[in-house]
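Colleague: Could you take me through one part of this model in some detail? I'd like to start from a single strand and work outwards.

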There are 2 protein chains.
Amino acid sequence: MLSFELFAKEDDARAGKLITLHGLIETPSFVIVGTQAAVKAVSVKDLRKIGIQMIIANAYHLHLQPGENLIEKAGGLHRFMGWEGPLMTDSGGFQIFSLGAAREHGVGKIASIFPEQRDRGGHFNSKKRKPLVRVDEDGVDFISYLDGSLHRFTPRRVVELQLKLGADIILPLDECTSPLHDYQYTKAALKRTQRWALQALEEFHRRPNKSQALMGIVQGGAYQDLREQCAQFISDQGFDGYAIGGSLGRSKMDMYHVLEWTNPILPQDKPRHLLGIGEIEDIFEVVQRGIDLIDCVLPTRMANTGTLFVKGAKHFRIHIYNMQFKDDLRPVEQGCICYTCRHYSRAYLRHLFMAKEPLATHLATIHNLYFIESLMKQIRVAIKEKGFKQLKEEWLSSS
Amino acid sequence: MLSFELFAKEDDARAGKLITLHGLIETPSFVIVGTQAAVKAVSVKDLRKIGIQMIIANAYHLHLQPGENLIEKAGGLHRFMGWEGPLMTDSGGFQIFSLGAAREHGVGKIASIFPEQRDRGGHFNSKKRKPLVRVDEDGVDFISYLDGSLHRFTPRRVVELQLKLGADIILPLDECTSPLHDYQYTKAALKRTQRWALQALEEFHRRPNKSQALMGIVQGGAYQDLREQCAQFISDQGFDGYAIGGSLGRSKMDMYHVLEWTNPILPQDKPRHLLGIGEIEDIFEVVQRGIDLIDCVLPTRMANTGTLFVKGAKHFRIHIYNMQFKDDLRPVEQGCICYTCRHYSRAYLRHLFMAKEPLATHLATIHNLYFIESLMKQIRVAIKEKGFKQLKEEWLSSS
């Protein structure tokens, strides 16, 4: 079950609401990553207080540990992890990518983000890493990074796995190509992914399940004709919504182009999720191009390493380990009303990180998540009031 | 400011209340260790919900990082760490011990707890570790374990340091000898510690401070005459309460003897704190011998390594990593109403620990602290109802 309603637009930016069996998500929304059925050191009680609307866990990781059968026995993922709100699971497609070709190519969703894996001449060094994955026409064989055991994913099995987990929104198995794959490979992979999408949809409808929704994934690398063809193909199949997957090219401009090719083709009346993107600047750019949902590890991963969101700071962040915060008794962000900012100083947070106290990650995550939720709320209000462009300008010029 | 009122006794076991400027502590109470101004991954908001009454931080560690001057500038330790309830600071005496003689001797407060540092012949191998501390008649020189910088503690400086921190109860600098020190050394160290106690008390009274209280520390190793002499000496000085420090001998029986020698001499009308002891069995044994306050890292340290308190389990604990909990969908402890037990299964907790999710420590700490608080509450009620011995028997026979 998934219903989606749009109630405001400003050019291509959209504000709406998405209704799942476990509650409502106001869009645009940032879906918080809880890969292994947990969000860093923050309990679901605190996530609810922060205003988190939806969490995305990962079917691939949960399959390897603790296994979908245990989670099903526990009453499903909501019950297992104590989160009664809306929940998504990603299929594992990106893991094929990140343990397979991306490992070989030394790249991420956008080629430039892994520059440290280039060799001295600036070329990617493919010998550094061995892939753990082998893709064939019917599915994927992969080796568990935990214990070396061999596993096989097929589109049907991945649907079955996610039905056991029971998240409100699930995704089909796809192959996420590398920005370094050429046109021919990307096209062949896309054909596979589209065939897999149909198998997933068939498997999904074969099961008597009315509580979950299946989104289709648009792939096609940074090639305009492939993206357009795929967007049309996926639009025609009757999915409950659309996810846009990477590779998204070699630069942020490439990523924006992908959205500009894809979104006009996707039906207006269903939600669009851009997978795995979430820098502050990106949030504005992709919402402007018609995206309703995004997810990214950034807020939690940054919190874990002492990097905190601050509006007006360079790149919207401060690194709390810096000496300049040693005696800084101001909150992380002036005016922020999150639990961390209401009770603690930068100096205290820095002390916790320096002292390796686990409370550091807990408090930093609370702030970063609150910051993102608060930004998304501002964006939603702005779209309703036709002030999105102004908000974007105000934010992007502040950094 | 510290007032203490006893309102029930069962033989030597006492129930009472201790009033500080930051609130009331019902005794017997387990003081939770927050060495570096933080309690593992648990915020003070959650500590309050659990019912934690008092936290003990460490002046030695806070001096090294972030420094008492910053904490004073922040408005004191309560404000710095966001804890508005009662707070103690330990002086650093135990650190002299644990970085000095205990390092040389390879022992803890009770000799037998570090058996792995004995050599093949069963003797302690003193060459394995170098002390970072040098004690003289007027104080202690020590090297920071953080950056190798040289520091000096004197009894007066340590009072000054703790006045800056501003905890409700503070402790004088003492020398905590090793269980392997002989009578002569222990006696000489005790003389020093007693001279230091007078200097600390004088310094404390010289300052215009009415909000804090200074406890005296009874030392003397496992030697009856030294313990008795010291208990009498400390009783005569007008401290606001009494702490009993280690070494506490080579076995738990030695520790119980130390209490049996000491407590009858200490004035009835002031609180008695046993420093650094906290196994479940110990809690009953020391309360039975007239102790009002204890503190120990056990509940938090255990939580960090996946060990959870369960009444009725062997040694009152389960190790959640064990395979037997893989599919165990029961709460950590049947009937426990802590946040963790109300929302999560053993299987989920095991998954979090296996997956190295930081939420694991957060949830495990909440349970262990709740378990201890709940036990202490039962003990207080039992003493009031003359049912302490029965409660002790019921608990100790359950494990």
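Colleague: Which residue in β14(A) does A:Ser29 stand opposite?

Modeller: Happy to! A:Ser29 stands opposite A:Leu293 in β14(A). Before we go on, please keep in mind that this is a predicted model, where local features need pLDDT of at least 70 and side-chain atom pairs count only at pLDDT 80 or more, while totals for chains, interfaces and linings use all residues. Residues are numbered from 1 along each chain as its sequence is written, with chains lettered from A and ligands numbered from 1 in the order in which they are written.

Strand β14 of chain A covers residues 293-296. Strands, like helices, are DSSP runs numbered from the N terminus (E, at least two residues, for strands; H or I, at least four, for helices). On one side of β14(A) its pairing is with β4(A), in the parallel sense and over four bridges; strands count as paired if DSSP finds at least two bridges between them. β14(A) also pairs with β13(A) (residues 272-274), again in the parallel sense, over two bridges. There, the bridge partner of A:Leu274 is A:Ile294.

The side chains of β14(A) go two ways: A:Leu293 and A:Asp295 point one way, A:Ile294 and A:Cys296 the other. That fits a general pattern, as side chains in a regular strand alternate between the two faces of the sheet. All four of these residues of β14(A) are buried (20 or more other C-beta atoms, placed from the backbone, within 10 Å of the residue's own; 12 or fewer would be exposed, and in between is partly exposed).

Just before β4(A) there is a backbone detail to check: the peptide bond joining A:Thr27 and A:Pro28 is cis, with omega about 0 degrees. A:Pro28 sits in the loop between β3 (23-27) and β4 of chain A.

Now step back to the whole barrel. Eight strands of chain A close into it in the order β4-β5-β6-β10-β11-β12-β13-β14, with parallel pairing. Further round, β5(A) (residues 55-58) runs parallel to β6(A) (residues 87-90), and four bridges join them. One example is A:Ile56, whose bridge partner in β6(A) is A:Met88. Packed on the sheet is helix α9(A) (residues 224-235), which touches β11 (213-218) and β12 (241-244) of chain A. The direction of α9(A) makes about 160 degrees with that of β11(A); such angles run from 0 to 180 degrees between N-to-C directions, using lines fitted to C-alpha atoms, for helices over the stretch in contact.

The domain assignment of chain A gives domain 1 as 3-91 + 153-296 and domain 2 as 307-398; bounds like these come from an automatic or database assignment. The C-alpha centres of these two domains of chain A lie 27 Å apart. Between them, 23 residues of domain 1 are in contact with 22 residues of domain 2 (C-beta atoms, placed from the backbone, within 7 Å). On the domain 1 side, the elements giving two or more residues include β4(A), the strand we met as a partner of β14(A). α11(A) gives the most to that side, with six residues.

Methods:
Two residues are in contact if their C-beta atoms, placed from the backbone, lie within 7 Å.
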